[in-house]
Every structure is written in C-alpha cells, then in structure tokens.
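User: Could you take me through the place where the ligand sits, slowly and in plain words? I'd like to know what is around it, and then what else is worth a look.

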Amino acid sequence: MEEDFDREIKVVVLGNGGVGKTSMIRRFCKGIFTDEYKKTIGVDFLEKAQFVDALQEEVRFMLWDTAGQEEFDAITRTYYRGAGSAVIAFSTTDLDSFKAVPSWKDKIIAECGDIAMCLVQNKVDLIDRAVVSGEDVEAMARQLGLKLYRTCVKENINVTEVFGYLAELHHKKL
Ligand code: GDP
Ligand code: MG
C-alpha cells in the first residue's frame, strides 16, 4: 500500500523585503498573484503537495514566509528550525537585494547548516529596468556555488522548477 506524503520538506524563502517572497509562496501554493504589496501575512507557512518529476514522487512542501520582518533581522529560530532547503531571492530591480545575497546564504548556513539552496532572480519581466547584469548574477551564483533560477512570479515562469530542484537536491543530500 502506498503511503501518503512520505516525503515532506520545509522550505524557507529568504531575501530582502519586496523581492517577491510572499508572492512566490502564494503563487506556488495557491496559484494566484496580486500586485498589491502587503507587508505581512497572517500565517507562518503555506503548504502544497506537488509531483516532482526528478523523484517520480509527490512531495509535500511547507513554505515558510517571513512576515515582512527582514529588515529588522528578527527572523526567529522557529522560522529556520527543521528547514531542509532554502530559496535565496533577490529582485532584478533592487541592487541592495542582490548585494545582500551572500549574507542571506551565511545566515542560512549559520542556522541550518549546508542544506539544499538555490539562488532566485525574480521579476525578470522587468529586465529593462535591471540594476545588475546577467554576467554579474551568474558570477554571484558561481561564487556561492548555487544554481541560479530566473523567475517571473507574476507570469508564473520557473516557479515550479525552483521547488522541484530543491526537493531533488534535498533528497541527494539525505
Ligand atoms: P516580499 O516582501 O519579498 O514578500 O515581496 P512580495 O511578494 O510582497 O512582492 C513585492 C512586490 O513585488 C509586490 O507588489 C508584488 O506584486 C511584486 N512582484 C512579485 N513578483 C513579481 C514579478 O515577478 N514581477 C513583477 N513585476 N512584480 C512582482
Ligand atoms: Mg513578504
């Protein structure tokens, strides 16, 4: 008999405020996108069961949001506890968010160790307003040893791929 959700993974979604973390979680878990920017949401996480091709298995993803506390460095231990993987996100139109990427990686390593991670450049629909070159982004990913995904949460480009990759990498690390 097959067991339901043998595989469960907690994913923490990190990055400066405004890069699209909440939008990404809502997009992946609920299939919706809104333009309004709400700084906080009332819940700690959303979950979604998704079939992952690379594993040929359904995985239950628990996606943890930061409730807009990024700039106060107030993200608590509870947030990181038990995380099996992490998204480090920045925005195409926000240079500070790009520069902050190494510190987010350091933070994850300090709290969770060497878990499955990847780098996400979101808002690629705004590439005309990019504040960082494609080469610089690729160099950053290489330097940090992270696979790079370019996403547009707004148009649902590459979002599912990010989480599929993290589930696969997490599985390999087990
Ligand atoms: P968070 O602070 O990192 O959680 O960011 P939010 O998810 O609240 O998003 C901040 C703003 O960016 C919102 O107005 C979103 O609608 C917008 N946003 C998120 N993803 C995209 C995207 O791919 N393209 C564009 N153009 N806007 C986006
Ligand atoms: Mg948010």
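Analyst: Here is a walk around ligand 1, followed by a second pocket and one residue inside the chain. Keep in mind that this is a predicted model.

Let's get our bearings. The chain has 6 helices and 6 strands. If you trace it along the sequence, they come in the order β-α-β-β-α-β-α-α-β-α-β-α.

Now for the ligand. How many residues surround ligand 1? There are 19, and the closest are Gly-18, Lys-21, Thr-22, Ser-23 and Asp-125. Helix H1, which covers residues 21-30, gives the most to this shell, with 3 residues. Sort the shell by residue type and you get 6 nonpolar, 8 polar and 5 charged.

Next, zoom in on a few atom pairs. An oxygen atom of ligand 1 is 3.0 Å from a polar backbone atom of Gly-20. With Asn-122, the side chain is involved: one of its N or O atoms is 3.1 Å from a nitrogen atom of the ligand. Lys-123 also uses its side chain, where an N or O atom is 2.9 Å from an oxygen atom of ligand 1. And how much of the ligand does the protein bury? On its own, ligand 1 would expose 590 Å², and the protein buries 91% of that.

There's another spot to look at, the second largest pocket. Rolling a probe the size of a water molecule over the atoms shows where empty space is left. In this pocket, that space comes to about 160 Å³. Its lining has 14 residues, and the closest to the centre are Val-52, Asp-53, Thr-160, Glu-161 and Gly-164. Two elements give two or more residues to the lining: strand E2 (45-52) and helix H6 (159-173). H6 gives the most, with 6 residues. By type, the lining divides into 8 nonpolar, 3 polar and 3 charged residues.

Last stop: the inside of the chain. Of its 174 residues, 43% are buried. Take Ile-9, which is found in strand E1, residues 7-14. Is Ile-9 buried or exposed? Its relative accessibility is 3%, so Ile-9 counts as buried, the cut-off for that being under 20%. Ile-9 also shows you how folding brings together parts that are distant in sequence: Leu-166 is 157 residues away along the chain, yet the two C-alpha atoms are 9.2 Å apart in space.

Methods
Residues numbered from 1 in each chain as written. Chains lettered and ligands numbered in written order. Predicted model: local features only at pLDDT ≥ 70, side-chain atom pairs only at ≥ 80, totals over all residues. Heavy atoms only, no water. Near = heavy atom within 4 Å. Polar contact = N/O pair within 3.5 Å; in protein donor to acceptor, adjacent residues only side chain to side chain. Areas by Shrake-Rupley, 256 points an atom, 1.4 Å probe, with all protein chains shown as cover. Helix = DSSP H or I, 4+ residues; strand = E, 2+ residues; numbered from the N terminus. Nonpolar A, V, L, I, M, F, W, Y, C, P; charged D, E, K, R; others polar. 1 Å grid on protein atoms, 1.4 Å probe; cavity = no way out; pocket = protein on both sides within 12 Å on 5 of 7 lines; lining within 4 Å. Points joined across faces, edges and corners; volume = space filled by probe spheres on them. Buried < 20%, exposed > 50% of the residue type's maximum accessible area, 1.4 Å probe, protein only.
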